[in-house]
Each structure stands twice: as C-alpha cells, then as structure tokens.
Amino acid sequence: MRVSDRNRDVRTTVILAVLCLVLQLALAPNIGLGNGRANFALVFTVCLSLSAGGSAAVIAGFVSGLLFDLSTTAPIGLMAFCLTVVGFALGSSARERVAGDLGTSVAYAAMASLAVAIVYHIAMLLVGRTDSIVDALFLRALPTALLTIVAFLPFAYYFARVRTHGSALGRGRHSGGGLNRRGL
C-alpha cells in the first residue's frame with residue numbers, strides 16, 4: 001500500500017526548485033559545450049512533470065521558464081511558453097511515471113530537451129540573436145540538449161531509485177501482526 005506524504009512531496013519540490021535555480025544562475029553560464037548551456041529550468045519542469053504531473057507541472061513550467069527568461073537576454077516569455085507546453089505534455093498523463101523507470105524518464109527528458117532547444121534557438125534566430133541556422137541548430141540547440149540531459153541524469157536517478165525506495169534509516173522491523181515469518 002502506498003501512503004501519500006504531502007509534506008514530503010512539497011518539501012521535495014521546494015528543494016528541487018531552489019537547487020535548480022541556484023544551478024541555473026551559478027553553474028549553467030559557466031559550463032558550456034560550443035554555445036550551448038544546460039537548462040536547469042527544463043530539468044525542474046521535467047522532474048516535476050514526470051513525478052507529480054497535473055496542473056502543478058504546468059504552473060512550474062511557466063514560473064521556471066519566466067525565471068529563466070529574466071536571467072537571460074532572451075525575449076521574456078519564450079522559455080516560459082516552451083516549458084509550459086512541456087509541463088502540459090509530460091504532466092497530462094500518469095503520475096509517478098519516473099518512479100522506478102529510469103530509462104523511460106530519460107527518454108522523455110531527451111525528447112523534451114531537444115524540442116525545447118530547437119524551438120528556443122530557432123526563435124532566437126528569428127529575433128536576430130543568432131547568426132545562422134547552422135549556429136542555431138548545431139552550435140547551440142544540440143549542445144544545449146546534450147548538456148541538459150547530462151544535468152537531468154542525477155535528478156532522474158534520485159526520483160527513479162532513491163526517492164521511490166526511500167531510506168531504511170529509522171525503520172524498525174515489522175513482523176506483521178505479532179507473528180514472525182515462521183508462524184511462531
């Protein structure tokens with residue numbers, strides 16, 4: 001039987017949000033591959049979409065996208081739109097999709113990362129922030145998607161393995177109704 005611990009879910013979401021915000025502001029601008037940078041706002045949105053889903057994923061996508069837009073020189077609302085769509089697309093089906101299924105969650109994150117990176121950098125090309133289509137797709141979008149997937153892996157491992165099984169610390173042995181396994 002699975003018991004829902006609302007406080008644990010809220011605490012995990014707040015810690016994830018703060019961690020992704022700090023990583024987006026402190027780490028992402030300093031580590032790059034070509035002209036691509038990891039998108040921790042997308043990592044937060046995908047993690048919340050795959051674990052909680054529903055309207056929380058859409059709201060989280062919008063807020064994290066807006067914070068991403070405010071921390072860059074991009075048009076305000078571009079990443080907010082992209083992450084809202086990702087939150088809706090990934091969060092609209094089953095909840096706890098990431099629980100125990102690391103491969104599928106990484107595949108969903110890879111598809112979302114590539115789609116967001118392509119849409120974002122094509123839009124940047126259209127507003128004149130990128131020089132050419134080659135620069136937008138091959139020097140910015142693909143490295144951004146790759147770095148975002150690499151950044152997502154520790155979070156996916158946590159949600160798929162550690163959070164699902166929990167820690168055994170502080171748990172006593174439960175014998176089930178006072179009888180041990182041998183029925184004595």
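How many disulfides does the structure hold? The answer, for this predicted model, is 0 disulfides, and the views below begin with the cysteines before turning to an aromatic pair, the nonpolar core and the confidence of the prediction.

**View 1. Cysteine C20 and the cysteine sulfur nearest to it.** The structure holds 0 disulfides, and C20 accordingly takes part in none, with the nearest cysteine sulfur, belonging to C47, lying 6.3 Å away. Because a disulfide requires two cysteine sulfur atoms within 2.5 Å, the 6.3 Å that separates the sulfur of C47 from C20 leaves this pair outside the cut-off. C20 counts as buried, its relative accessibility being 2%, and another cysteine, C82, is also buried, with a relative accessible area of 5%.

**View 2. The aromatic pair formed by F68 and Y120.** The structure holds 1 aromatic pair, in which the rings of F68 and Y120 meet edge-to-face, with 5.9 Å from centre to centre and 80 degrees between their planes. This pair links distant parts of the chain, since F68 belongs to helix α3 (residues 54–70) and Y120 to helix α5 (residues 102–126), the two residues standing 52 residues apart. Are F68 and Y120 buried or exposed? F68 counts as buried because its relative accessibility is 9%, and Y120 is likewise buried, with a relative accessible area of 8%.

**View 3. The largest nonpolar core and its member F152.** This core comprises 36 residues, among which F40, V43, V46 and F152 touch the most other members. Two or more residues come from each of α1 (6–27), α2 (40–51), α3, α4 (78–91), α5 and α6 (133–165), and the largest share, 9 residues, is supplied by α2. In soluble globular proteins, nonpolar side chains tend to be buried together. When neighbours within four places in sequence are set aside, F152 is in contact with V43, V46, C47, L50, S105, V106 and A109.

**View 4. Confidence along the protein chain, including residues 167–184.** The average pLDDT of the protein chain is 83, and 80% of the residues score at least 70. Among the elements of the chain, the highest mean pLDDT, 93, belongs to α4, whereas the lowest, 87, belongs to α6. Over residues 167–184 the pLDDT stays under 50, and for this stretch the model has 3 contacts beyond four places in sequence. Where pLDDT is low, the predicted coordinates should not be read in detail.

Conventions
Residues numbered from 1 in each chain as written. Heavy atoms only, no water. Phe/Tyr/Trp six-rings, centres within 6.5 Å; stacked < 30°, edge-to-face > 60°. Helix = DSSP H or I, 4+ residues; strand = E, 2+ residues; numbered from the N terminus. Buried < 20%, exposed > 50% of the residue type's maximum accessible area, 1.4 Å probe, protein only. Core = buried A, V, L, I, M, F, W, Y, C linked by side-chain atoms within 4.5 Å. Contact = heavy atoms within 4.5 Å. pLDDT = per-residue confidence, 0-100.
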